[in-house]
Amino acid sequence: MSTSRTPLDRLRVIDAAIALADDDGLDATTMRRLADRLEVTPMALYKHVGSREDLIDGMVDRLVGALPPASASSEHWQTALTARIIAARAALGVHPWAQDAIETRTLASPVVLGYMDSLMEIMFAGGLSADLVHHGMHALSTRMWGFTRDVMPTPAVPDDPAARDAALAAFQSAFPAIVRMATTASHAGSSCDDDAEFRFALDLLLDGLERRRAAGWMPG
């Protein structure tokens with residue numbers, strides 16, 4: 001059956017945009033290409049989404065709104081918050097474009113605010129002060145969605161043994177600490193485990209907040 005025979009509504013337009021972004025990426029998710037996928041004219045889309053930015057806002061809301069709800073639990077706040085964030089990482093990670101979409105939004109929608117509120121509620125329930133919750137949310141930044149980003153990736157080590165030896169020799173005098181890490185860390189010679197690296201950084205951050213909570217930290 002032709003998709004044009006099914007009346008459009010905002011949800012159908014947004015779901016089609018999500019499918020298009022999953023297939024071809026966020027940059028390729030234009031109003032014209034979306035209209036082609038739905039077998040309508042581009043103008044027909046504007047009855048349901050005001051602009052491409054409104055479309056992306058709707059896509060973000062659709063993904064965030066589908067995240068598993070926070071569960072009432074007697075777990076320690078760090079455990080509960082970690083579980084919430086790891087669940088978001090798993091759900092959003094299947095949409096490679098989601099990070100760029102979320103990071104380019106200029107205003108948090110009610111759906112996004114609801115997710116953020118759920119994280120803060122966990123912190124408050126764990127005894128963190130308003131100041132610690134404030135600083136904690138800033139420290140989490142996009143990590144609250146399960147995202148992380150390398151500011152400046154270092155050059156990859158060549159696979160060829162001879163080329164690797166030559167590259168490491170050239171680096172040794174200029175960047176001895178980098179070479180030491182690259183050759184002696186437990187994962188030397190293999191790719192980083194992104195999930196493990198994310199969890200390490202998240203644990204480090206939340207451990208720091210817990211230590212300050214336990215010490216009765218106050219802004220100075």
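**Notebook: the α8–α11 helix pair**

I began with the handedness of one helix pair and noted that α8 passes α11 in a right-handed crossing. The model I am reading is a predicted one, and I keep that in mind for each entry below.

I then looked up which residues make this contact: on the α8 side I listed Leu-132, Gly-136, Ala-139 and Leu-140, and on the α11 side Leu-202, Leu-205, Leu-209, Arg-212 and Arg-213. Sorting them by class, I recorded six nonpolar residues, one polar residue and two charged residues in the contact of α8 with α11.

For the geometry, I recalled that two packed helices are described by the angle between their axes and the distance between those axes. Helix α8 covers residues 130–140 and helix α11 covers residues 194–214, and I found that their axes come within 11 Å and cross at roughly 165 degrees. Because angles over 145 degrees count as roughly antiparallel, I entered α8 as roughly antiparallel to α11.

Next I turned to the chain as a whole, where I counted 11 helices and zero strands, so that I could write the pattern along the sequence as α-α-α-α-α-α-α-α-α-α-α.

For overall dimensions, I noted a radius of gyration of 22 Å for the chain, whereas a compact globule of 220 residues would have one near 17 Å. Along the principal axes, I read a box of roughly 65 × 55 × 30 Å filled by the C-alpha atoms.

Lastly, I looked up burial and contact range: buried residues make up 32% of the 220 residues in the chain, and among contacts between residues at least 6 apart in sequence, 72% join residues at least 24 apart.

Methods:
Residues are numbered from 1 along each chain as its sequence is written. This is a predicted model: local features need pLDDT of at least 70, side-chain atom pairs count only at pLDDT 80 or more; totals for chains, interfaces and linings use all residues. Side-chain values use heavy atoms; hydrogens and water are left out. Axes are lines fitted to C-alpha atoms, for helices over the stretch in contact, and angles run from 0 to 180 degrees between N-to-C directions. Helices (H or I, at least four residues) and strands (E, at least two) are DSSP runs, numbered from the N terminus. Angles under 35 degrees count as roughly parallel, over 145 as roughly antiparallel, 65 to 115 as roughly perpendicular and the rest as oblique. A crossing is left-handed if the near helix is turned anticlockwise from the far one by less than a right angle, and right-handed if clockwise. Contact means heavy atoms within 4.5 Å. Ala, Val, Leu, Ile, Met, Phe, Trp, Tyr, Cys and Pro count as nonpolar, Asp, Glu, Lys and Arg as charged, and the others, Gly among them, as polar. The radius of gyration is taken over C-alpha atoms; the globule rule is 2.2 Å times the number of residues to the power 0.38. Buried means under 20% relative accessible area, exposed over 50%, partly exposed in between (1.4 Å probe, protein chains only).
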